[in-house]
Structure formats: structure tokens, C-alpha cells
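Trainee: I keep meeting words such as "buried" and "salt bridge" when I look at protein models. Could we go through one together and ask what earns each label?

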Amino acid sequence: MAKPKNTSHTPAKSNTSGRSFEQKQTGNGGELHQTTDQRDLTLTTNQGVAIADDQNSLTAGERGPTLLEDFVLREKITHFDHERIPERIVHARGSGAHGYFQAYRDLGDLTCAAFLRDPEVQTPVFVRFSTVAGGAGSVDLPRDVRGFAVKFYTQEGNFDLVGNNIPVFFIQDAMKFPDLVHAAKMEPDRGYPQAATAHDTFWDFVSLMPESMHMILWAMSDRAIPRSLRMMEGFGVHTFRLVDAEGRSTFVKFHWRPRIGSATVLWDEAVKICGADPDFHRRDLYEAIERGDFPEWDLSVQAFDEATAESLPFDVLDPTKLIPEETIPLRPIGKMVLNRNPDNFFAETEQVAFHPGHVVPGIDFSDDPLLQGRLFSYLDTQLSRLGGPNFHQLPINRPRCPMHNFQRDAVMQTDVPRGRVNYEPNSLAPESPKENPAAGFVTHPATQSGDKLRVRPETFKDHYSQARLFYRSMTAPEQDHIVSAFAFELGKVETVAVRCRVLGHLRHVDPELCDRVEHALGMEGQADTIAPAATPVDLDVSPALSLLAKAKPTLEGRKIGVLVSEGYDPAILDALQTAAETEGAALEVIGPHVGEIQSSIGETLIPNHAVAAAPSVLFDTVVLAISGSSVDAMKQKAAVMNFILDAYAHLKIIGYTPDAMPLLDRAEVAIDDGVVKMDVRESVASYIEAAKYGRVWSRAVLVQA
């Protein structure tokens with residue numbers, strides 16, 4: 001692909017708001033360089049060598065691969081990788097499951113990877129979902145990116161597709177990853193906040209990194225508070241290559257789509273879920289698999305050639321950019337099913353070691369500078385976290401195909417290699433392993449040339465157009481939630497100048513968005529004037545980016561919570577249970593206590609939960625199956641009233657028996673299309689149809705704070 005002309009750094013325009021920093025320059029990609037000519041303020045390596053550029057890795061040409069000789073990058077990432085042991089520095093809070101992947105058809109037109117060539121083969125997988133910022137003991141539902149990492153145990157070796165539930169990333173170059181995570185983690189002088197970005201250091205960093213704006217819009221959207229791990233989309237983030245048997249290369253972007261559809265929670269729900277059940281996502285995944293409700297995803301690719309890549313209005317090597325599905329449609333290539341929980345959480349979920357450099361013949365890398373840095377960083381991290389270079393011998397990491405080499409000894413060696421020879425070539429052991437040119441991995445011979453440079457490509461400098469695309473592709477409720485998220489996060493930021501800088505960036509994303517956030521903060525007219533490195537452009541909206549726009553009515557994989565009382569109608573409950581099974585939903589019964597409850601005809605029932613321990617935030621939709629004889633007692637229970645108030649405020653579908661009406665009146669619930677009376681067994685069908693739509697968005701204007 002053609003390389004842009006190299007230009008020198010040019011001074012940035014002054015900040016017209018009057019706020020200033022130290023001497024600064026803007027790089028070719030629009031990245032900020034804060035500089036000094038004072039030795040005692042000079043950034044150095046651990047050996048005291050002054051650093052000229054801390055924003056960019058050393059590459060062969062502006063858009064070429066990162067060079068191994070980059071000692072500044074390796075020292076910085078090595079130190080970061082080893083900062084905390086043994087817990088992962090990022091993605092510490094995780095949940096995992098076993099399953100399999102199966103190709104839909106022979107993909108020989110794209111790749112020679114064997115597991116993608118035979119639709120009869122079920123390739124074992126282990127998947128780990130995770131939050132990013134919090135520690136291992138943090139909650140499941142902070143506003144955060146989610147990791148979506150899949151280890152394929154193929155017949156040609158392990159392939160790790162290590163991605164997220166968001167298709168872009170905060171930064172363009174791996175050089176900035178330690179800075180990003182340091183800024184997002186707990187502030188070092190006070191040790192808080194945990195698993196949260198609503199604090200000064202995070203927003204200070206991203207306000208000085210315009211390249212983060214696209215990812216920030218995703219992080220402030222509902223994507224960052226998923227309803228379930230089973231309902232998350234996943235992405236490989238980077239541009240990869242698939243290589244066929246003839247050596248022909250095709251660029252690809254990887255996408256995971258949950259077959260039961262995607263769903264999220266509201267922010268108020270997320271806050272309350274974290275208090276009611278910190279393990280909400282982990283429990284949901286485990287229990288779904290245990291009851292045989294196996295999560296499934298389609299794996300798709302966006303496949304394109306060099307000419308198509310050149311024609312796009314952005315650089316496919318820039319990890320802060322995505323390719324709209326309307327431009328290059330998704331091509332489904334296989335499905336993944338998770339059907340077995342780990343036998344031991346530590347041995348499997350905690351000790352699994354992912355690495356984007358684990359690829360098999362037929363899958364290769366691009367020169368994305370963030371991906372290039374990850375190829376070094378992940379292996380380096382595992383060496384410390386898992387005690388040494390033999391982490392591949394742990395059962396969860398061991399390949400399922402034959403494994404032979406001359407690597408020996410080191411800490412935690414559990415294999416017992418035999419024989420005299422541990423090198424090659426050799427003449428003493430004819431039976432020892434040897435190279436296999438026919439089956440071996442061969443790197444795609446992409447032509448690269450150029451000067452050794454520490455510089456950002458000019459094609460990376462448009463930081464706002466895709467953020468604008470994302471925001472304008474959202475439905476009205478989703479845009480409302482983005483505004484509220486910015487207001488909450490920036491409302492936690494103490495430094496006024498940081499808030500003003502963020503607002504200045506939002507002005508380039510979308511003026512209306514900026515106005516709405518300013519109003520929510522009470523900071524009208526205080527956005528900084530920021531000169532963009534590249535003038536934002538209006539791209540065609542992409543409805544595929546909106547979860548609500550593409551959502552289909554369903555109860556599959558969802559959870560119905562039925563609040564019952566003494567004297568409940570068993571016919572209604574039976575009808576609900578039958579309907580839930582038909583729709584693929586799970587139904588749980590909540591009582592005033594966990595002891596036996598009698599129905600109106602003397603049957604006994606033991607609820608799954610007591611209402612005090614099962615607030616409505618734990619369910620997708622709820623039913624009030626209350627008898628007239630118990631309604632007065634239920635009205636006196638705060639947990640019951642909170643159950644109803646939250647369900648209504650969170651826009652959920654509420655089914656109710658006529659005797660429950662006094663509870664709705666006490667909660668001041670206005671009857672709308674999402675509050676459905678079930679006076680006879682047959683009316684359960686009306687409730688079920690309404691519940692498939694998830695929420696009543698028109699109710700939001702009545703309940704918003």
C-alpha cells in the first residue's frame with residue numbers, strides 16, 4: 001500500500017481559550033508531543049537515555065512493521081508487563097467456558113487454515129470474557145470495555161483471537177498502552193476509584209489524546225454495560241490477514257455476533273446490580289451453561305484486498321477505525337458454542353494464557369502498530385504472571401495437537417524430555433523433530449521498505465469523523481444514554497480544565513452532543529477551542545452500529561422474574577412457565593421469603609429467591625402474581641415496592657394479576673403498553689409478546705431524574 005509523504009512535526013495552534021501547556025508539537029498523525037529543553041525535566045529510559053519521542057514506536061517506514069531493535073518500546077512495555085504479579089494488570093476480572101467452533105463451509109478461497117477448511121470438524125475452544133480496568137475482586141458491571149478472548153485448539157496448533165466487545169481501541173500505537181492503563185487505573189496517590197474511569201487522570205489523558213475520541217464514544221455508550229456476556233458482540237479490533245494455499249493474502253476484520261441478540265442494561269440498573277450481585281455476569285454465564293442454555297455466536301469476517309483498503313477514507317492499519325458493515329458486509333464463516341463450565345476456576349480461567357501472536361498457517365498479521373506491540377507484550381506478560389516460559393504446559397494452554405521441539409528446562413518444567421540431543425541440526429538422533437516446509441508456518445511476504453522512523457502516519461490523523469459516525473448512527477435513546485454517561489463521568493472530574501478540553505473534542509464529534517453535555521454539566525459555552533489535526537467529515541450513518549436499531553423481538557436467553565405471594569394463582573404461573581420454555585427464556589420465582597408458599601388451591605411452592613435478595617434489576621422482565629389476601633402485607637414490604645419501582649423506572653415490561661393493582665397504585669405506576677394485565681391464563685400470551693421488546697422507551701420521559 002502506498003505510503004504518505006513524510007513531514008516534520010509542526011507546532012500546534014495556540015489554545016484560544018487561554019489555557020496552555022508546556023512547549024508542544026503536533027505529529028504527523030495529529031498526536032500531541034509535549035516537549036522540554038530542560039535536562040531535569042527530560043523523559044528518559046531506565047538507563048538515563050533521553051527519549052525524543054514517547055508517542056510512536058520505531059517502524060520500517062511510516063506504515064511498516066515495528067522493529068525489534070526499539071529498546072524504548074521494549075523497556076517501557078516490559079516494565080509495564082511486570083508491574084503486578086500474579087494478577088493480570090488488565091483484564092484481571094474474568095469468566096470463562098469451554099466449547100467448540102465449527103466452520104460453516106470450506107473457506108479455501110480465503111485461507112489454508114485447516115480448522116476453517118473442514119465443516120465436519122469441531123475445534124475445541126476456551127473463551128475468557130473480562131473487564132479491563134478493575135482488579136480480580138471488582139464487580140462485573142462497571143462501565144468498561146469487555147475482553148473477548150478465544151483460544152482455538154486446532155489440529156495445527158493453538159490460535160488465539162484476543163479481542164474486545166468494541167471494534168476499535170483508545171490508542172494507535174502500543175507505545176501508549178502503559179500510559180493509557182496507568183491513567184485508567186486507580187489514581188496512585190489515593191488508590192481509588194476501582195474499576196471506573198470517572199476520575200481526573202483518565203480524562204486528563206484522553207483529553208490530550210484526540211485519537212481516543214472514537215473509542216470514548218463507544219465506552220460512553222450502552223456497549224460498555226452489557227446485560228450478559230452471552231449477549232455481547234466481539235471483535236478482533238485489528239486488521240489481520242488470511243492467506244490461502246497459493247500464498248494469496250486477504251485483509252480481514254473478525255466479528256462475533258451472539259445468536260440470541262445483543263442486550264444492555266441502563267446505568268441505574270448497572271449501579272444497583274453491582275450492589276445486589278457483584279458476580280452478575282459470571283453467575284449468568286455459569287448458570288446458563290449448567291441448565292443447557294448454551295451460548296452461541298456466529299464468527300464473521302469483513303474480507304477485502306489491498307485495492308479496497310486503499311480506496312477507504314481511513315487507514316485500515318489504524319486501530320481507532322472500523323469499517324462500516326454497509327461498506328464491506330459481514331461474511332459468516334462459522335459458529336461457536338460454549339457447552340461446558342470450567343472444572344476449576346483458577347486452573348483454567350485464571351491460568352489461561354492468550355497471545356495474539358499465537359497463529360496457525362493461513363492466519364497472519366498486518367502492520368497495525370498497536371498489534372505489532374501486542375505481539376511482544378503478551379508473551380512477556382505471561383512469563384511473569386505464570387512463573388516462566390513453560391506456561392504452555394499447563395493443561396488449559398497445552399495444544400491438543402502433537403508438540404515437539406528442543407526447548408528445555410526453566411522454571412516449572414513438568415515434561416520429562418528423553419534422549420541425548422536437544423538441538424538441531426544433529427546427526428545423533430535421526431528420529432528427532434525437524435523442519436517441515438510443506439506444513440510449516442510461512443509469513444506472508446509483504447514488501448516493506450523505508451527509513452527507520454519514529455513517526456505517526458499522516459493517514460492516522462483524522463480523530464473525529466468515525467466518532468461522529470458512531471454517535472449519529474445511534475437511535476435517540478442510545479444518544480440520550482451517551483449524553484448521560486459523559487455527564488456522569490465528567491461530573492466526577494475535579495479539574496475544570498480537563499472537562500473543558502473534553503468538551504472541546506466533543507464539539508468536533510457533534511455540536512449537538514457537545515451542547516447537551518455542556519448543559520447537563522452546567523458548563524454552557526466553556527468548551528475549549530481545539531484545532532483538529534484533520535478536519536472532520538460527515539460519513540454515511542451505519543445502522544448496524546446501533547444495538548437497538550437491529551434488535552429483534554425475543555425472550556431467548558432472557559430471564560423472567562415472577563413475584564408471588566401466599567394464595568397465588570397456579571394457573572397463571574403454569575402458563576408463564578410453559579411460555580418461558582417455548583420462548584427459550586428462564587423463569588425464576590421470587591417470594592416474600594424462601595420458605596414454602598401455598599397457592600390458591602393449596603399447592604406448595606418453594607421460591608428460588610426471597611424478594612429482599614432478588615431485586616428486579618436481576619431480571620429482564622417481571623410479573624406480579626399477587627393474591628388479594630396478601631396484597632396489604634406485600635404493600636408494607638420495602639423490598640416489594642423497590643422491586644416494582646425499579647422495574648418501572650428501568651422501562652421493563654411488567655405483567656400483573658388484577659389483585660396486584662394496589663401495589664402498582666402505591667408505586668404510582670402509570671399503565672402503558674409495557675404494563676400488561678393477566679386476568680386469565682390466556683392473557684399470558686399478551687404479556688409474553690410485549691416482553692419480547694425488552695423495554696418501553698417512551699416511558700423514559702416520565703421517569704428520568
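Trainee: How many salt bridges does the structure hold?

Mentor: The structure holds 49 salt bridges. To get the label, a side-chain nitrogen of Lys or Arg must lie within 4 Å of a carboxyl oxygen of Asp or Glu. Keep in mind that this is a predicted model, where local features need pLDDT of at least 70, side-chain atom pairs count only at pLDDT 80 or more, and totals for chains, interfaces and linings use all residues. Residues are numbered from 1 along each chain as its sequence is written, and side-chain values use heavy atoms, leaving out hydrogens and water.

Trainee: What makes Lys550 and Glu233 a salt bridge?

Mentor: Their side chains meet with N to O at 2.8 Å, and the limit is within 4 Å, so the label fits. The pair links distant parts of the chain, 317 residues apart. Lys550 sits in the loop between helix H13 (511-521) and S16, and Glu233 in the loop between helix H4 (213-219) and strand S9 (234-235). Helices (H or I, at least four residues) and strands (E, at least two) are DSSP runs, numbered from the N terminus.

Trainee: Are Lys550 and Glu233 buried or partly exposed?

Mentor: One of each! Buried means under 20% relative accessible area, exposed over 50%, and partly exposed in between, with a 1.4 Å probe and protein chains only. Glu233 has 4%, so Glu233 is buried, while Lys550 has 29% and therefore counts as partly exposed.

Trainee: How do you know that Asp277 and Arg283 form a salt bridge?

Mentor: Their closest N and O atoms are 2.7 Å apart, so the pair passes the limit of within 4 Å. Asp277 is buried because its relative accessible area is 7%; Arg283, at 39%, is partly exposed.

Trainee: What does the salt bridge between Arg699 and Asp672 tie together?

Mentor: The side chains meet at 2.8 Å, N to O. Arg699 lies in the loop between H18 and helix H19 (700-703), and Asp672 in the loop between helix H17 (661-666) and S23, so the pair ties together parts that are 27 residues apart in sequence. Arg699 is at 1% relative accessibility, so Arg699 counts as buried, whereas Asp672 at 22% counts as partly exposed.

Trainee: Which residues are linked in a network of salt bridges?

Mentor: Arg227, Arg230, Asp284, Arg291, Asp293 and Asp620 are.

Trainee: Let's move to rings. Why are Phe101 and Trp256 called edge-to-face?

Mentor: Rings of Phe, Tyr and Trp (its six-membered ring) pair if their centres lie within 6.5 Å; planes under 30 degrees apart count as stacked, over 60 as edge-to-face and the rest as tilted. The structure holds 22 aromatic pairs. For Phe101 and Trp256 the centres are 6.5 Å apart and the planes are at 90°, so this pair is edge-to-face. Phe101 lies in strand S5 and Trp256 in strand S11 (residues 249-258), so parts 155 residues apart in sequence are tied together. Phe101 at 0% counts as buried, and Trp256 at 1% does too.

Trainee: What makes Phe202 and Trp203 edge-to-face?

Mentor: Their ring centres are 5.4 Å apart and their planes are at 90°, so edge-to-face is the right name. Phe202 is buried, with 3% relative accessible area, and Trp203 is buried at 0%.

Trainee: How many disulfides does the structure hold?

Mentor: Zero. A disulfide is a pair of cysteine sulfur atoms within 2.5 Å. The sulfur of Cys500 has its closest cysteine sulfur in Cys514, 10 Å away, so that is too far for a bond. Cys500 counts as buried because its relative accessibility is 0%.

Trainee: What makes S16 and S17 a pair of strands?

Mentor: Two strands pair if DSSP finds at least two bridges between them. Strand S16 (residues 559-564) and strand S17 (residues 586-591) have five, in the parallel sense, so they pass. Within this pairing, Val562 has Val589 in S17 as its bridge partner.

Trainee: Why are S20 and S23 called edge strands?

Mentor: The open sheet of six strands has the order S20-S17-S16-S21-S22-S23, with parallel pairing. Strand S20 (609-610) and strand S23 (675-677) each pair on one side only.
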